[in-house]
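The following exchange asks how certain descriptive terms are justified. Each reply sets a value against a definition and then concludes.

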Amino acid sequence: MFIQQFVNGISVGSVYALMAVGYALIYSLLNFTNFAHGISVTIGAFAAFFFLTYAMQNLLSGIIMGVIAAALLAAFIQLVAYRPLLKRNSKRIFLMIIGLGVSVIGDNLIIIAFSGRFRIFPVNFSSESIKIFGANIGVVDIIIFVVSMIALLIVELIIRKTRLGLAIRGASFSLDTTSLMGVNTYKLILTIFLIAGSLAGIAGALLGAKYTTYPSLGTFYTNKAFICAVFGGLGSLPGAMIGALILGVSESMISAYVSTGLRDLFSYFILIVILLVRPSGLMGKSSENKA
Amino acid sequence: MLKCENLRFSYGKIQALNGISFEVKQGEIMSIIGANGAGKSTLMRCIAGMLKPQSGKIIYDGKPLPHSGHEVVGRGIALVPEGRWIFPNLTVEENLLMGGYLVKDRKIGIKRAYEMFRLLGERKKQRAGTLSGGEQQMLAIARGLMSNPKVLLMDEPSLGLAPLIVNDVINTIDEINKQGVTVLLVEQNARKALKIAHHACVIEQGKIVKYDTGDEIARDKSVISAYLGRNAKKTNNNIKELNN
């Protein structure tokens with residue numbers, strides 16, 4: 001029982017990590033929370049669902065379709081909603097408000113387009129399980145964990161080892177100074193949204209595989225991921241990952257040993273406590289103009 | 001080579017540049033001196049593409065300069081910003097790599113930087129935020145050189161440094177210029193900035209009020225009393241008060 005719940009928690013936590021790292025990446029560069037992140041997750045889930053239903057039943061290909069759809073959507077939102085404000089050097093709070101607006105519009109457009117019903121991936125990944133140490137471990141949980149970790153490792157390598165990654169790390173200190181080095185910061189910001197969107201797409205496809213696909217999927221789970229990002233310290237990538245795994249496992253334990261109903265309550269309670277006690281989270285950066 | 005024509009820039013109602021025109025000739029050091037708030041840094045940020053002047057032109061090599069930082073670097077003009085703005089979270093070497101973002105092979109530049117500033121080589125793995133003020137200024141200069149600029153813009157390189165270190169910085173600038181880099185130097189530390197300058201101009205309230213060779217400006221009576229003489233500090237303070 002305990003091992004099963006722990007594995008379940010790790011699997012959910014690693015999906016939270018995918019989304020939380022997306023928040024952290026954008027926050028580290030632009031000092032605002034991209035609340036339009038959720039619709040990329042939802043679109044990722046829908047893209048994977050339709051691909052698996054109408055094209056071929058291969059989860060990996062489905063995930064790739066989800067990634068493409070979500071990354072393109074994130075880039076589109078950046079270009080249409082955020083860039084005009086960034087060019088005018090608006091206060092970060094306005095970017096956050098625009099993001100909220102985009103999120104509401106997006107959620108409703110998705111309901112109009114696909115209706116509000118719940119869809120199950122044509123291949124039922126969640127029913128298969130294998131026995132490890134006498135515990136039934138869901139195959140889907142193992143897939144989720146492995147895929148998430150590979151994706152996060154790739155992002156980490158990009159950030160640590162490439163020229164692009166160096167620019168991202170530099171820009172997390174100062175975008176202006178980074179542009180003085182010859183970096184096209186608008187292109188850099190677009191790239192960041194593509195990376196965050198790709199991670200959101202993977203998260204959406206994996207959530208669709210584990211649970212079901214529905215229009216408010218992204219909003220529901222990115223809210224949790226946001227809590228993870230705040231817990232870890234907004235703008236910190238390792239913080240977001242650690243926060244996500246901790247929250248995933250604690251949620252899983254609470255629904256197993258206390259009550260399923262208390263699970264979400266617990267998460268939001270954590271959010272409030274962190275904001276009251278330690279707003280910078282486990283390893284967050286601090287700055288003035290943020291939202 | 002680098003020419004500004006009638007540049008105007010204002011922050012809201014405050015006019016920072018009030019029709020600035022001058023030219024920097026190839027291979028020289030041009031110093032711009034002036035009190036706090038005279039518009040020196042604004043001018044540098046306009047040339048570097050970080051601010052867009054409301055009117056006027058900046059022409060480099062016969063073509064206007066674009067109003068975006070990275071394109072200006074691409075044209076061969078690098079700014080060493082006021083207050084240095086090194087990346088404190090990156091190592092010394094990573095800071096240099098950032099400076100050479102547009103350069104294909106950055107090894108040559110890094111090697112040259114370590115030859116020029118031995119200390120940076122010794123601390124290449126150290127986080128730049130842990131360096132002293134003088135070391136950070138050297139890093140900022142070395143970083144600026146990484147893009148192999150033809151023109152180096154330097155905004156108050158002596159700011160906040162001990163007098164001995166200021167001499168090092170000034171000598172370094174002279175050295176860089178001797179290697180063929182044109183330098184536009186903005187300084188409050190007028191005496192030292194004029195010593196190495198081929199030409200200099202004085203900027204007051206967003207306008208160029210004097211332009212001459214460095215030596216002539218250093219000999220100019222009104223410059224001496226405002227920026228160089230024993231009473232310079234007092235006069236400077238008066239100008240500051242006027243500006244406020």
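Q: What makes B:Gln205 notable in the hairpin of S9(B) and S10(B)?
A: In this predicted model, B:Gln205 takes a positive phi near 45°. The hairpin to which B:Gln205 belongs has two residues between its strands, S9(B) and S10(B).

Q: How do you know that S9(B) and strand S10 of chain B pair?
A: Two strands pair if at least two bridges are found between them. S9(B) and S10(B), the latter covering residues 207–213, have six bridges, so the definition is met. Their pairing is in the antiparallel sense, and B:Cys201 stands opposite B:Tyr211 in S10(B).

Q: In which sense do strand S3 of chain B and S9(B) pair, and over how many bridges?
A: The sense is parallel, and there are four bridges between S9(B) and S3(B), which comprises residues 29–33. The bridge partner of B:Met30 in S9(B) is B:His199.

Q: Why is strand S9 of chain B called mostly covered?
A: A residue counts as buried when its relative accessible area is under 20%. Five of the six residues of S9(B), which spans residues 199–204, are buried. For chain B as a whole, 52% of the 244 residues count as buried.

Q: What makes the four strands S2-S1-S4-S5 of chain B a sheet, and is it open or closed?
A: The strands form an open sheet in that order, with antiparallel pairing. Strand S2 (14–24) and S5 of chain B stand at the edges with a single partner strand each, so one side of each is left without a neighbour in the sheet.

Q: How do you know that strand S1 of chain B is joined to strand S4 of chain B?
A: Five bridges join S1(B), residues 2–11, to S4(B), residues 55–60, and the two run antiparallel. In this pair, B:Leu2 stands opposite B:Tyr60 in S4(B).

Q: What joins S4(B) to strand S5 of chain B?
A: Two bridges join S4(B) to S5(B), residues 63–64, and these strands run antiparallel. The requirement is at least two bridges, so the two strands count as paired. B:Tyr60 stands opposite B:Lys63, and B:Ile59 stands opposite B:Pro64. S4(B) and S5(B) form a hairpin with two residues between them, and B:Asp61 in the turn has a positive phi of about 55°.

Q: Why is chain B, with its 11 helices and 10 strands, called as compact as a globular protein of its length?
A: Chain B has 11 helices and 10 strands. Its radius of gyration is 17 Å, close to the 18 Å that the globule rule gives for 244 residues, so the description applies. Along its principal axes, the C-alpha trace of chain B spans about 45 × 40 × 35 Å.

Q: What share of the contacts in chain B between residues at least 6 apart in sequence joins residues at least 24 apart?
A: The share is 66%.

Q: Why is A:Ser11 called buried?
A: The cut-off for buried is under 20% relative accessible area. A:Ser11 has 0% relative accessibility, and therefore counts as buried. This residue lies in helix H1 of chain A, residues 2–30.

Q: Which residues does A:Ser11 touch, not counting those up to four places away in sequence?
A: A:Ser11 touches A:Asp141, A:Ile144 and A:Lys210. A:Ser252 is 241 residues from A:Ser11 along the chain, and their C-alpha atoms are separated by 9.8 Å.

Technical notes: Residues are numbered from 1 along each chain as its sequence is written. Chains are lettered from A and ligands numbered from 1 in the order in which they are written. This is a predicted model: local features need pLDDT of at least 70, side-chain atom pairs count only at pLDDT 80 or more; totals for chains, interfaces and linings use all residues. Side-chain values use heavy atoms; hydrogens and water are left out. The radius of gyration is taken over C-alpha atoms; the globule rule is 2.2 Å times the number of residues to the power 0.38. Buried means under 20% relative accessible area, exposed over 50%, partly exposed in between (1.4 Å probe, protein chains only). Contact means heavy atoms within 4.5 Å.
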